[in-house]
Amino acid sequence: MKTIFLSFVVLFLFTACSYKDPNIKSVQKVDLDRYLGSWYEIARYEHRFEKDCKNVTATYSIKENKKIEVINSCTKITTNNKTEAIGEAYAVDNTNSKLKVSFFWPFYGDYWIIMLDEDYSYAVVSEPSKKYLWILSRDKRLDENIKKKILKRLESLDYDLSKLIWTIQE
């Protein structure tokens, strides 16, 4: 009985404390075949699992079980050591714009593609609580006009732009 009660308390805490901004919407449709491949991180909200990182990349590929393999890599700024995290993701629905991603099974997080260029040259990824944010590009550098466009859109969605960490890409 005590275990069941604790399970309900934990479940309540995870659901009751998770704010979801109703203005955050994913893009209408993502062609996974076009989205797969390597992306360079241009900017992010800081979080413990990417602290002290430069040269950050994310690479997506389809696994045999139809899930998406996610390989995140970075070089630590202070030590120049390379690190890598391997996870998996799956699409929540047939739009492929909302994924669940896990680097530590059985815990999955939301990965919503909220902006995507029509030629898949850049993407912006977040989730409904706006706790996480990534600006990704197929190139190490993002055109200034595109960057301004992205930042203007993020500002209209009430993202705190002062929290962005601009990733060093060498």
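A disulfide is a pair of cysteine sulfur atoms within 2.5 Å. By that criterion, this predicted model holds 1 disulfide.

## The disulfide

The bond joins Cys53 to Cys74, with an S to S distance of 2.1 Å. Cys53 belongs to strand S2 (residues 53–62) and Cys74 to strand S3 (residues 68–76), so the pair ties together parts that are 21 residues apart in sequence. The torsion about the S-S bond of Cys53 and Cys74 is about -40 degrees, and the disulfide is therefore left-handed. Both cysteines fall below the 20% limit that separates buried residues from partly exposed ones. Cys53 counts as buried because its relative accessibility is 3%, and Cys74 is likewise buried, with a relative accessible area of 7%.

## Overall architecture and confidence

The chain contains 3 helices and 9 strands. Read from the N terminus, its elements follow the order α-α-β-β-β-β-β-β-β-β-α-β. Of the 170 residues, 39% count as buried. The accessible surface of the chain amounts to about 10700 Å², and carbon and sulfur atoms contribute 57% of that area. Among the contacts with a separation of 6 or more, residues 24 or more positions apart account for 51%.

Confidence in the model can be stated for the chain as a whole and for one segment. The mean pLDDT of the chain is 89, and 89% of the residues reach 70 or more. Over residues 1–17, however, pLDDT stays under 50, and for this segment the model has 1 contact beyond four places in sequence.

## Salt bridges

Side chains of opposite charge can pair when their charged atoms come close. In this model the count comes to 8 salt bridges. The table lists three of the pairs.

| Pair | N to O distance | Relative accessibility of each residue |
|---|---|---|
| Glu88 and Lys63 | 2.9 Å | Glu88 17%, Lys63 28% |
| Asp110 and Lys100 | 2.7 Å | Asp110 27%, Lys100 24% |
| Lys147 and Glu144 | 3.6 Å | Lys147 22%, Glu144 45% |

The salt bridge between Glu88 and Lys63 has one partner in strand S4, Glu88, and the other, Lys63, in the loop between S2 and S3, so the pair ties together parts that are 25 residues apart in sequence. Glu88 counts as buried because its relative accessible area is 17%, whereas Lys63, at 28%, is partly exposed.

The side chains of Asp110 and Lys100 also meet in a salt bridge. This pair links distant parts of the chain, with Asp110 in strand S6 (residues 107–116) and Lys100 in strand S5, 10 residues apart. Asp110 is partly exposed at 27%, and Lys100 is partly exposed at 24%.

The bridge between Lys147 and Glu144 is contained in a helix: both residues lie in helix H3 (residues 144–156), 3 residues apart, about one turn of the helix. Lys147 counts as partly exposed, with a relative accessible area of 22%, and Glu144 is also partly exposed, at 45%.

Apart from these pairs, Glu41, Arg44 and Glu46 are linked in a network of salt bridges.

## Two serine environments

Ser97 and Ser73 illustrate a loop position and a strand position.

Ser97 is situated in the loop between strand S4 (82–91) and strand S5 (98–104). Ser97 counts as buried because its relative accessibility is 0%. The side chain of Ser97 makes a polar contact of 2.9 Å with the side chain of Thr95. Beyond its neighbours within four places in sequence, Ser97 is in contact with Ser26, Val27 and Val30, and also with Tyr111, Trp112 and Ile113.

Ser73 is located in strand S3, the strand that also holds Cys74. With a relative accessible area of 22%, Ser73 counts as partly exposed. A polar contact of 2.7 Å connects the side chains of Ser73 and Thr57. When neighbours within four places in sequence are set aside, the contacts of Ser73 are Asn55, Val56, Thr57, Thr83 and Glu84. The C-alpha atoms of Ser73 and Ala85 are 6.4 Å apart in space, although these residues are separated by 12 residues in sequence.

How values were computed. Residues are numbered from 1 along each chain as its sequence is written. This is a predicted model: local features need pLDDT of at least 70, side-chain atom pairs count only at pLDDT 80 or more; totals for chains, interfaces and linings use all residues. Side-chain values use heavy atoms; hydrogens and water are left out. Helices (H or I, at least four residues) and strands (E, at least two) are DSSP runs, numbered from the N terminus. Buried means under 20% relative accessible area, exposed over 50%, partly exposed in between (1.4 Å probe, protein chains only). A polar contact is a pair of N or O atoms within 3.5 Å; within protein, one must be able to donate a hydrogen and the other to accept it, and residues adjacent in sequence count only if both atoms are side-chain atoms. Contact means heavy atoms within 4.5 Å. Accessible areas come from the Shrake-Rupley method with a 1.4 Å probe; for residues, only the protein chains shown count as cover. pLDDT is the predictor's confidence in each residue, from 0 to 100. A salt bridge is a side-chain nitrogen of Lys or Arg within 4 Å of a carboxyl oxygen of Asp or Glu.
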